[in-house]
Structure formats: C-alpha cells, structure tokens
Amino acid sequence: GFRPGICNRLDRNTSGIVIGGKTLSGLQCMSELLRERRIEKYYLAVVQGDMQKKGIWQAWLKKDKKTNKVEILGQDTPGASYIKTGYEPLASDGINTLVRIRLYTGKTHQIRSHIANLGHPILGDQKYGGRIAGSHIKRQLLHAYELKFPLLKGDFADLSEKVFRAELPKDFYKENRVEQLIKKARKDEKL
C-alpha cells in the first residue's frame with residue numbers, strides 16, 4: 001500500500017510551505033520537479049545589518065556531521081557541495097533587513113550559513129550567530145514563503161505556473177522592529 005508523503009524538508013525551527021504527495025504519481029511528480037530544481041522556492045528572513053543590494057551568491061558548502069553545522073567555502077573542496085542562493089532586500093531600518101531569498105540549490109542549512117557567512121546572520125539563529133539578548137524571538141526568523149510551479153502538462157496541468165504563498169507566522173510580529181520592516185515592505189509593495 002502507498003502512503004502519502006512529504007517531498008521536501010525545512011530546517012528545524014524554519015516555518016512555511018512543504019510539498020507533499022497524496023498519490024504515488026503526485027509524489028513522484030513533485031519529487032522529480034524538486035530534484036530537477038524546476039520549482040522556484042522563495043523564503044523571507046530578517047537578518048542583522050543593513051543590506052542594500054540584491055544579488056546571487058555562489059559557493060560550496062561542507063557539513064560537519066559531529067557539530068551539525070556547515071562551513072561555506074569559496075572553492076570546490078572534497079566533500080563539499082555547490083550552492084547558489086539569490087537575495088533581495090525588501091525593507092531595512094539600518095539595523096535589520098527583511099530579505100527575500102531564492103533557493104536555487106537546497107542543502108542543509110544553506111540559507112542560514114550562506115547569509116551568515118556574508119555578515120548578515122538571521123535573527124534568532126543561535127547556530128550561525130544571530131543571537132539576540134532580551135528578545136521575544138525564540139527561533140531563526142526564516143520562513144518558506146512562496147513556491148512557483150513551472151509550466152506542466154498532463155495530470156498536473158492544473159498546477160501549471162501556479163504560485164502558492166504561506167503567510168508569515170505570528171512570531172515574526174512579536175518584535176516591534178520586525179513588524180515595522182514587514183509593514184514597510186508591504187507599503188512599498190515589495191511583499
């Protein structure tokens with residue numbers, strides 16, 4: 001007997017959309033689309049620092065299984081995986097920035113480690129330097145926000161070029177400064 005299943009995963013304490021398959025053909029189709037990187041995946045994060053420019057980062061990621069952390073490397077190294085991450089600042093208050101992140105590749109801790117490596121750790125991410133003393137933030141402020149499906153035919157044509165979004169969870173609004181960034185991005189029609 002077939003059992004419905006989940007096709008992708010999120011890091012622990014990351015909120016947002018995951019993809020599942022209710023049928024065997026659905027599970028196979030979604031898994032293939034993810035493996036071939038045909039579904040566009042976007043995240044929202046609140047990071048430390050003032051990010052002004054959008055861009056695409058390319059690097060290599062190497063996981064240390066003992067510490068369950070990853071290291072970002074500037075060149076290919078044995079045991080490392082190629083990663084590609086896009087980013088676009090949506091709103092900044094000079095101290096923190098709300099960022100839209102496109103995940104081109106999907107490796108463990110990719111967004112968290114990559115953005116921290118560039119000097120902008122995600123707020124609340126204790127593993128990669130985003131600690132905040134005296135804050136209501138209990139986890140990294142990283143949210144799998146949006147999925148964009150490619151042009152599809154056949155049994156899954158009804159998903160063709162559809163966009164799915166998951167609203168930001170309530171804990172993003174517990175800190176006034178984070179709430180203000182979200183309001184600013186919405187006012188500027190970037191979110």
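1. In this predicted model, arginine 100 lies over the face of tyrosine 42, at 3.9 Å from the ring centre. A second placement of this kind involves lysine 84, whose charged end sits over the ring of tyrosine 104, 4.7 Å from the centre of that ring.

2. Turning to contacts between rings, the structure holds three aromatic pairs. One of them brings together tryptophan 57 and tyrosine 87, and because their ring centres are 4.2 Å apart and their planes stand at 20°, the pair is stacked. This pair links distant parts of the chain, since tryptophan 57 belongs to strand β5 and tyrosine 87 to strand β7, 30 residues apart. Tryptophan 57 is buried, with a relative accessible area of 12%, and tyrosine 87 is likewise buried, its relative accessible area being 15%.

3. Another of the aromatic pairs consists of phenylalanine 149 and phenylalanine 164, with ring centres 5.8 Å apart and planes at 80°, so this pair is edge-to-face. Here too distant parts of the chain are linked: phenylalanine 149 lies in the loop between β9 (142-148) and β10 (163-165), while phenylalanine 164 lies in strand β10, 15 residues apart. Are these two residues buried or partly exposed? Phenylalanine 149 is buried, with a relative accessible area of 8%, whereas phenylalanine 164, at 36% relative accessibility, counts as partly exposed.

4. Strand β5 (residues 55-64) also deserves a look for its pairing with strand β6 (residues 69-73), to which it is joined by five bridges, the two strands running antiparallel. Within this pairing, tryptophan 60 stands opposite leucine 73 of β6. Four residues lie between the strands of the hairpin, and asparagine 68 takes a positive phi there, near 55°.

5. Helix α2 (residues 110-117) contains histidine 114, which counts as buried at 2% relative accessibility, because buried means under 20%. Which residues does histidine 114 contact, leaving aside its neighbours within four places in sequence? They are Trp57, Gln58, Ala59, Ile72, Ile83, Thr85 and His109. Tryptophan 57 thus appears both in this list and in the stacked pair with tyrosine 87.

6. The rest of α2 is mostly covered as well, seven of its eight residues being buried. These buried residues are Gln110, Ile111, Arg112, Ser113, His114, Ile115 and Ala116, and they pack against β4, β5, β6, β7, β8 and β9. After α2 comes glycine 119, whose phi is positive, near 90°.

7. For helix α3 (residues 176-187), the length can be checked by simple reasoning: at 1.5 Å a residue, its twelve residues should span 16 Å, and the C-alpha atoms at its ends are 16 Å apart, which agrees. The buried residues of α3 are Val178, Leu181, Ile182 and Ala185. Because these residues cover an arc of only 95° around the axis, they lie on the same side of α3. The spacing fits a general rule, namely that an α-helix has 3.6 residues a turn, so residues three or four places apart point the same way.

8. What, then, covers the buried residues of α3? The cover includes β4 (40-48), β7 (81-92) and β8 (96-103). On the other side of α3, Asn176 and Lys187 are exposed. Following α3 is glutamate 189, which has a positive phi near 55°.

Methods. Residues are numbered from 1 along each chain as its sequence is written. This is a predicted model: local features need pLDDT of at least 70, side-chain atom pairs count only at pLDDT 80 or more; totals for chains, interfaces and linings use all residues. Side-chain values use heavy atoms; hydrogens and water are left out. The expected span of a helix is 1.5 Å times one less than its number of residues. Buried means under 20% relative accessible area, exposed over 50%, partly exposed in between (1.4 Å probe, protein chains only). The arc is that of the directions from the helix axis to the C-beta atoms. Contact means heavy atoms within 4.5 Å. Two strands pair if DSSP finds at least two bridges between them. Rings of Phe, Tyr and Trp (its six-membered ring) pair if their centres lie within 6.5 Å; planes under 30 degrees apart count as stacked, over 60 as edge-to-face and the rest as tilted. A charge sits over a ring if NZ of Lys or CZ of Arg is within 6 Å of the ring centre and within 35 degrees of the ring normal.
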